[in-house]
Amino acid sequence: MTDQLKPGSPAETPPAVSLTDSRDAVDLRLELARARSEIESLNAELAETNNGVIALYAELDDQAEALREASDLKSRFLSYMSHEFRVPLGAIRSIARILLDKLDGPLTEEQEKQVKFIQGSAVDLSEMVDDLLDLAKVEAGRITISPAWFEMVDLFSALRGMFKPILTNPEVSLVFDEPPDLPRLYTDDKKLSQILRNFISNALKFTLKGEVRVAVARGAPGWVIFTVSDTGIGIHQQNLASLFQDFVQVDSPIQKRMRGSGLGLALSKKFAELLGGRVRAESEPGVGSHFFVEIPVCSPVSESPASTQSEAEGERPDA
Ligand SMILES: Nc1ncnc2c1ncn2[C@@H]1O[C@H](COP(=O)(O)OP(=O)(O)O)[C@@H](O)[C@H]1O
Ligand SMILES: [Mg+2]
């Protein structure tokens, strides 16, 4: 290399320290000291922020805990209350039935009307209490599903039987479409039946003329879709989204005459989710509504209690 230093070259002699060099060094040292103190103050600020974040986290934890406790308390309150209501309601219903059966003697026409009113109110209240209890159980994670194999035809004929005695409006017919050739379902038929019962009783409630039709069809591979369609009053688009929330009821002249808790659809949604599925609604005001529940042919097995799980798993197919 040509530019290599040779002995005696000027580079070997110590460089003369000029005035500007030492001033630069002082400036550099000052700069360093300033930077160091800046870093220290930044560090102190960071430590303070850290402490703040830790305190905020602790506060959030406390609030989350308080919320959990409040939700737990609400669920416990609902289930105690519902439980306590059931016994007196059962007594009212039994006594009303005894009176209407005239086991203790005849009733005047007016008395019969009044007792029927008491009976109707007690039935409505019992249904509301049952819905509240179910909702509390779902929220407390205490409702589990017990899937088993069953045939669609059996489900439909059970539903047909349940609704026959309460079809009082001759202008509305309840039709069950013949189920197409579908695979057998492995799901909790009681929960599925409860969802469909809610859909059908709503459809009958909000349909003054025409028909309520129940059908089932294949969905995406491994899924089936049940549909309850009616030719009733329908629901406005802006109300459709909130329909499946707790206590939601849409204002309508029919609604004012009917009782109900606004819990049926919320429960249906929760049950469908427990079955690994979902619910959905489409509607056109004045034309009618379609309520769908879409579930997998094979429901996921619920996690607890252990006995239910092992029973269910004993029957569960490998698919
Ligand atoms: N088929 C339907 N046609 C019109 N409105 C409906 C229908 N189904 C449900 N709704 C509306 O959704 C609301 C919520 O239904 P739901 O949760 O079952 O409560 P409830 O029947 O106790 O009022 C009803 O009050 C009604 O306003
Ligand atoms: Mg309802």
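Let me start with helix α7, whose buried residues are covered by elements that include α2 (109-139), α4 (189-205), β6 and β7. I should say straight away that this is a predicted model, and that everything I describe this morning is computed from that prediction. The helix itself spans residues 264-274, and it is mostly covered, in that nine of its eleven residues are buried. Those nine are Gly264, Leu265, Ala266, Leu267, Ser268, Lys269, Lys270, Phe271 and Ala272, a list in which you will notice two lysines and a serine alongside the nonpolar side chains. After the helix comes Gly276, which has a positive phi, near 85°.

To place α7 in its setting, let me give the overall counts. The protein chain has eight helices and seven strands, and of its 319 residues, 20% are buried. If one takes the contacts in the protein chain with a separation of 6 or more, 69% of them are between residues 24 or more positions apart.

Now to the sheet. It is an open sheet of five strands, in the order β2-β4-β5-β7-β6, and the pairing is mixed. At its edges lie β2, residues 172-176, and β6, residues 278-284, each of which pairs on one side only. On average, and ignoring direction, neighbouring strands in this sheet are turned by 15° against each other. Helix α7 packs on the sheet, where it touches β6 and β7, and the direction of the helix makes about 140° with that of β6.

Let me go through three of the strand pairs, beginning at the β6 edge. Strands β6 and β7 pair in the antiparallel sense over seven bridges, and within that pairing Arg280 stands opposite Phe292 of β7. The two strands form a hairpin with three residues between them, and in the turn Gly286 has a positive phi of about 85°.

Moving inward, β7, residues 288-296, is joined to β5, residues 223-230, by eight bridges, and these two strands also run antiparallel. Here Trp223 stands opposite Pro296 in β7, while Val224 stands opposite Ile295.

The third pair is β4 with β5, which is again antiparallel, over seven bridges. This is a hairpin too, with four residues between the strands, and Gly222 takes a positive phi near 85°.

Which residue of β5 is the bridge partner of Arg218? Arg218, which has its place in strand β4, is partnered by Val224. Leaving aside neighbours within four places in sequence, Arg218 is in contact with Leu182 and with that Val224. Is Arg218, then, buried or exposed? The description that applies is partly exposed, because 14 other C-beta atoms lie within 10 Å of Arg218, whereas a buried residue would need 20 or more and an exposed one 12 or fewer. Arg218 and Glu294, though 76 residues apart in sequence, are 9.5 Å apart in space, C-alpha to C-alpha.

I turn next to the nonpolar core. The largest one has 37 residues, and those that touch the most other members are Ile195, Leu196, Phe199, Ile200, Val228 and Ala272. At least two residues of this core come from each of α2, α3 (152-163), β3 (185-187), α4, β4 (210-218), β5, α7 and β7, and α4 gives the most, with six residues.

Ala272 brings us back to α7. Setting aside its neighbours within four places in sequence, Ala272 is in contact with Ile195, Gly277, Arg278, Val279, Val293 and Ile295.

Finally, there is the packing of α7 on α2. The axes of these two helices come within 10 Å and cross at roughly 35°, and the crossing is left-handed. The contact is made by Asp131, Asp134, Leu135 and Val138 on the α2 side, and by Gly264, Ala266, Leu267 and Lys270 on the α7 side. By character, the residues of this contact divide into four nonpolar, one polar and three charged.

To sum up, then, α7 is a mostly covered helix that packs on the sheet at β6 and β7 and crosses α2 in the left-handed sense.

Terms used: Residues numbered from 1 in each chain as written. Chains lettered and ligands numbered in written order. Predicted model: local features only at pLDDT ≥ 70, side-chain atom pairs only at ≥ 80, totals over all residues. Pairing = 2+ DSSP bridges. Axes fitted to C-alpha atoms, helices over the stretch in contact; angles between N-to-C directions. Contact = placed C-beta atoms within 7 Å. Core = buried A, V, L, I, M, F, W, Y, C linked by C-beta atoms within 7 Å. Left-handed = near helix turned anticlockwise from the far one by under 90°. Nonpolar A, V, L, I, M, F, W, Y, C, P; charged D, E, K, R; others polar.
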